[in-house]
Amino acid sequence: MTTARHVRLAHRAWPTVSAKSLVLVPIGSTEQHGPHLPLNTDSVIAESVAGRAAEELSARLTPPPLVAPTLAYGASGEHAGFPGTVSIGHEALHAVIVETVRSLSLWAGRVVFVNGHGGNTATLDAALGALRAEGHAVAWAGCGITGGDAHAGRTETSVMLYLAPDEVRILEAVAGDTRPLDVLMPLLTAHGVKAVSPSGVLGDPAGASAEEGRRHVRTMVSRLVGLITAATTDERGRLLDPAARDRPGTKAAGR
């Protein structure tokens with residue numbers, strides 16, 4: 001399930017890149033996702049959602065949007081106890097985001113980060129808040145599913161069965177800690193994922209299916225298209241539901 005070539009920035013020659021285009025920048029991670037999902041799970045999801053959203057928006061926007069190469073390293077320190085995880089930390093990630101936007105802003109009309117990893121959230125908030133204060137037209141949105149489990153459980157397993165079934169080792173899937181994320185978060189912050197779940201799973205992959213994953217992806221794409229179209233953000237650059245347009249502290253994206 002790859003992004004169509006016509007919206008992929010990396011496959012363009014420079015004369016075919018329209019100035020003032022909307023550029024979507026997928027941002028994920030390289031981190032453990034239990035014994036059954038690949039290390040690039042967050043990046044695959046972010047890139048897929050961004051690509052599908054760009055394809056839908058192509059019929060509405062002139063010039064049509066582009067999808068930049070995925071930023072595949074994030075702030076994944078909580079997963080440091082597992083071989084394979086690569087984390088660049090918040091400081092380095094902040095610098096990457098800032099310099100990416102400053103460079104894109106030389107020609108792009110607007111930049112939207114599409115985030116697939118919860119650990120990047122604080123850095124996106126801080127970096128985009130600073131960039132918007134500089135006057136850059138930048139915002140961000142996540143790929144989460146309301147009610148989904150925390151990490152490598154049924155939600156992500158279903159999505160990956162749909163997007164990259166050959167990468168899922170479903171026979172290796174095991175249940176992890178199934179407590180709600182708000183209960184687990186203080187423990188994860190203090191001790192890391194491995195101290196909470198030796199398998200790396202937070203949730204239970206049982207019952208995952210490609211059809212459920214297809215529905216999740218459709219929901220994520222529809223939500224992202226709606227957020228980008230509404231162009232309403234808070235002071236951190238987070239794209240908000242159109243119903244939030246008139247709430248205090250929100251304004252049009254990039255202004």
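## A walk around helix α7 and its neighbours

Right after helix α7 comes Ala231, a residue with a positive phi, near 55°. Keep in mind that this is a predicted model.

**Helix α7**

Let us look at the helix that ends there. α7 covers residues 210-230, which makes 21 residues. From its first C-alpha to its last it reaches 30 Å, close to the 30 Å expected at 1.5 Å a residue. Which residues of α7 are buried? They are Glu212, Gly213, His216, Val217, Met220, Val221, Leu224, Val225, Leu227, Ile228 and Ala230. As you read along that list, a general rule is handy: an α-helix has 3.6 residues a turn, so residues three or four places apart point the same way. The cover over the buried residues of α7 includes the strands β1 (22-27), β3 (110-115), β4 (138-142) and β5 (232-233), together with the helices α1 (41-57) and α4 (154-163).

**Ala54 in helix α1**

One of those covering elements, α1, holds Ala54. Is Ala54 buried or exposed? Its relative accessibility is 0%, so Ala54 counts as buried. Leaving aside residues up to four places away in sequence, Ala54 touches Val7, Leu24, Pro65 and Val67. Take Val7: Ala54 and Val7 are 47 residues apart along the chain, yet their C-alpha atoms are separated by 6.7 Å.

**Backbone surprises**

Most residues other than glycine have a negative phi, and most peptide bonds are trans. With that in mind, here are two residues other than glycine with a positive phi.

| Residue | Phi | Place | Relative accessibility |
|---|---|---|---|
| Lys20 | near 75° | segment before β1 | 62%, exposed |
| Ala152 | near 65° | loop between β4 and α4 | 0%, buried |

Where does the model have a cis peptide bond joining a threonine and a proline? The bond between Thr62 and Pro63 is cis, with omega about -5°. Pro63 sits in the loop between α1 and β2 (66-67).

**A nonpolar patch on the surface**

Finally, let us move to the outside. Tyr73, Val86, Ile88 and Val96 form a nonpolar patch on the surface, and together they have about 300 Å² of accessible area. Val96, one of these four, belongs to helix α2 (residues 89-104). How does Val96 count: buried, partly exposed or exposed? Its relative accessibility is 33%, so Val96 counts as partly exposed, because that label lies between the cut-offs of under 20% for buried and over 50% for exposed.

Notes
Residues numbered from 1 in each chain as written. Predicted model: local features only at pLDDT ≥ 70, side-chain atom pairs only at ≥ 80, totals over all residues. Heavy atoms only, no water. Patch = residues over 30% accessible without salt bridge, like charges linked within 9 Å, V, L, I, M, F, W, Y side chains within 5 Å. Areas by Shrake-Rupley, 256 points an atom, 1.4 Å probe, with all protein chains shown as cover. Salt bridge = Lys/Arg side-chain N within 4 Å of Asp/Glu carboxyl O. Helix = DSSP H or I, 4+ residues; strand = E, 2+ residues; numbered from the N terminus. Buried < 20%, exposed > 50% of the residue type's maximum accessible area, 1.4 Å probe, protein only. Expected span 1.5 Å × (residues − 1). Contact = heavy atoms within 4.5 Å.
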